[in-house]
Amino acid sequence: MAPEKKNKSLFASFLKSKDPVVGSQLTKDKAASVATPVALPAKPATAEPAKATPVKASPPAPGVVSSPVRVSASSGSSAASATPAYKPVSVPSPSAAPVKSGRAAAVPVETPSLARLRADDARAAWQARPSIPVRLLDNYINFMVMGESGLGKTTFINNLVSSYRTTRGQPHDGSTTSLSAFQADPDSLKTVLEPMEVSEAGRRLHVTVQDMPGWGDDINLVRYLRVVVDFILQARMKDYEMLAGSRGLNEAAMCGQLQHSITACVYFLSPHRVKKVDLIIMSALSQLVTVIPVIAKADTMTDKELSSFRSEVRAMLSCPSKYAPSKTLAPLDFNTFGFAPQVLTDLGITPDAMPLALITSNEHESLRDSALAAELGLDQPEVQQPVRNYRWGAAYALNREHSDLLTLKRLLLGDKVDSLYAMLDESYNRYLNFCQQYEANGKQLPLIVQNAAAMCTPYLEYDDYSNAKTALDSAQQAMSTLMAENKALMERINVLERSGNMSRY
């Protein structure tokens, strides 16, 4: 779909219920008030208004604009009927006033007609509320995409935003970006969409999609989790500094006003099996942001395998501690997020079809269908669609019979964004919680990062090289001490044996 056409209709239903005054409802009321005729009082038939006597005006001085003179009449009965409400004034034409070289000719000011003025006055007298111009309110929606390396996260972002204009180039591949490079420049993996004006809702939407380095390339999973947690909290700290904390803020006013905070995280699960690492990372993330799990590479599973795997994923997310047990650590907890049931019903999605299963592709195929292009409002008859070609057939990423990519796109960036309210509300509540913790810890962000990751990092400690090396060094030191003590004891025994004093023992 052409970006310029698509952007105009994007989010047409977004945020209408939050703004009863501005937006489309105001436009409708204004149009109704203009179209409704207003009954005006009839003129008295007893007296005939006197003819207006034109007043001759002398030509204006060069460079001076001649303005109309308005003569008001009192609103009495006979006097008002005998005197017109406005006296017409003769305005000299521009040619009547000589114009010196180097100066622009004076432009006469147009005088509104009496009928128009009376209609505007009557309309203002009985209108129900003031008509004000719509000032677009900026709303910010920030998504992040996470998961194991090699599951197609960057390809998913390309397919997701392909129909929108972006202010940056193609997203970089996060699977080839190291944690150090990501920490130095997180924006290198960020896709920023061009601001989209939804005038009927009174909104200007700013949408970003942040790609994240995949876990697995760095074997230090504790470090990986802390880098991700630090990135999320750094974004909230930027909003804290920009908004001066949470003083005087309320949920209605702050819906979509957090410019940097992450709204939701789309987490990619590998097909066929959910790894214990996925449960640990998702459990930690769900305490900080809204997590939306999806199944990647759905074309690698049959319908029966996909149905069984979805049931397994739902069971694991409902009770993660059962699948990642520990006798000494606190049980894992996962805050699940559900889309609005009515929205899923409208999209033909049942609870058994969650989580959504995606197919993505970097290859595209031209769909030459002039009728479809005309229906979509596209200027060009050729539509590009992502496709995966195999020896036995093709899988189309935007075909609902093959993939849930289009359904997820409609839920996040399309015409079914009703659940976005819940995401924004959760983001606001978590921002308030962050403000309290940030101030309670003396505005020391590393302390909050450590506390946020403390619940889940112990589950990954066995992969932490530094901790393992410290434990090994401690064990070696203890062994060296024990050997030294044994050696000293043996020397004492030998001395006693040579002196013949062993009989006392």
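Accessible areas here come from the Shrake-Rupley method with a 1.4 Å probe, and for residues only the protein chains shown count as cover. On that basis the protein exposes about 28,500 Å², and carbon and sulfur atoms supply 54% of it. This is a predicted model, where local features need pLDDT of at least 70 and side-chain atom pairs count only at pLDDT 80 or more, while totals for chains, interfaces and linings use all residues. Residues are numbered from 1 along each chain as its sequence is written, and side-chain values use heavy atoms, with hydrogens and water left out.

**Overall make-up**

The secondary structure comes to 17 helices and 9 strands; helices (H or I, at least four residues) and strands (E, at least two) are DSSP runs, numbered from the N terminus. Of the 505 residues in the protein, 37% are buried, where buried means under 20% relative accessible area, exposed over 50% and partly exposed in between, with a 1.4 Å probe and protein chains only. If you take the contacts (heavy atoms within 4.5 Å) between residues at least 6 apart in sequence, 76% join residues at least 24 apart.

**Aromatic pairs**

A pair of aromatic rings is described by the distance of the centres and the angle of the planes. Rings of Phe, Tyr and Trp (its six-membered ring) pair if their centres lie within 6.5 Å; planes under 30 degrees apart count as stacked, over 60 as edge-to-face and the rest as tilted. By this rule there are 6 aromatic pairs, including these two:

| Pair | Centre distance | Plane angle | Class |
|---|---|---|---|
| Phe156 and Phe268 | 5.3 Å | 65° | edge-to-face |
| Phe434 and Tyr438 | 5.3 Å | 15° | stacked |

The edge-to-face pair links distant parts of the chain: Phe156 belongs to helix H5 (residues 153-160) and Phe268 to strand E5 (residues 264-269), 112 residues apart. Phe156 and Phe268 are both buried. In the stacked pair, Phe434 and Tyr438 sit 4 residues apart in helix H15 (residues 420-440), separated by about one helical turn. Phe434 is buried at 2% relative accessibility, and Tyr438 is buried at 5%. Ring pairs also bring in Tyr240, which forms a cluster with Phe434 and Tyr438.

**Enclosed elements**

Which elements are largely enclosed by the rest of the structure? Helix H5 is one of them, because 8 of its 8 residues are buried. Strand E6 (residues 290-295) is another, with 6 of 6 residues buried. Both faces of E6 are covered, with Thr290, Ile292 and Val294 buried on one side and Val291, Pro293 and Ile295 on the other. E6 runs parallel to E5, and 6 bridges join them; two strands pair if DSSP finds at least two bridges between them. Phe268 stands opposite Val294 in E6. From E5 the chain crosses through helix H9 (residues 276-286) to E6 in a right-handed β-α-β crossover, meaning that, with the strands pointing away from the viewer, the path from the first strand over the helix to the second runs clockwise.

Helix H14 (residues 405-413) is also largely enclosed, since 7 of its 9 residues are buried. Among them are Leu405, Thr407 and Lys409.

**Around Asp404**

Asp404 lies in the loop between strand E9 (393-396) and H14 and counts as buried at 11% relative accessibility. Its side chain joins that of Arg310 by a polar contact of 2.8 Å. A polar contact is a pair of N or O atoms within 3.5 Å; within protein, one must be able to donate a hydrogen and the other to accept it, and residues adjacent in sequence count only if both atoms are side-chain atoms. Leaving aside neighbours within four places in sequence, Asp404 is in contact with Arg310, Leu356, Ala357 and Leu358.
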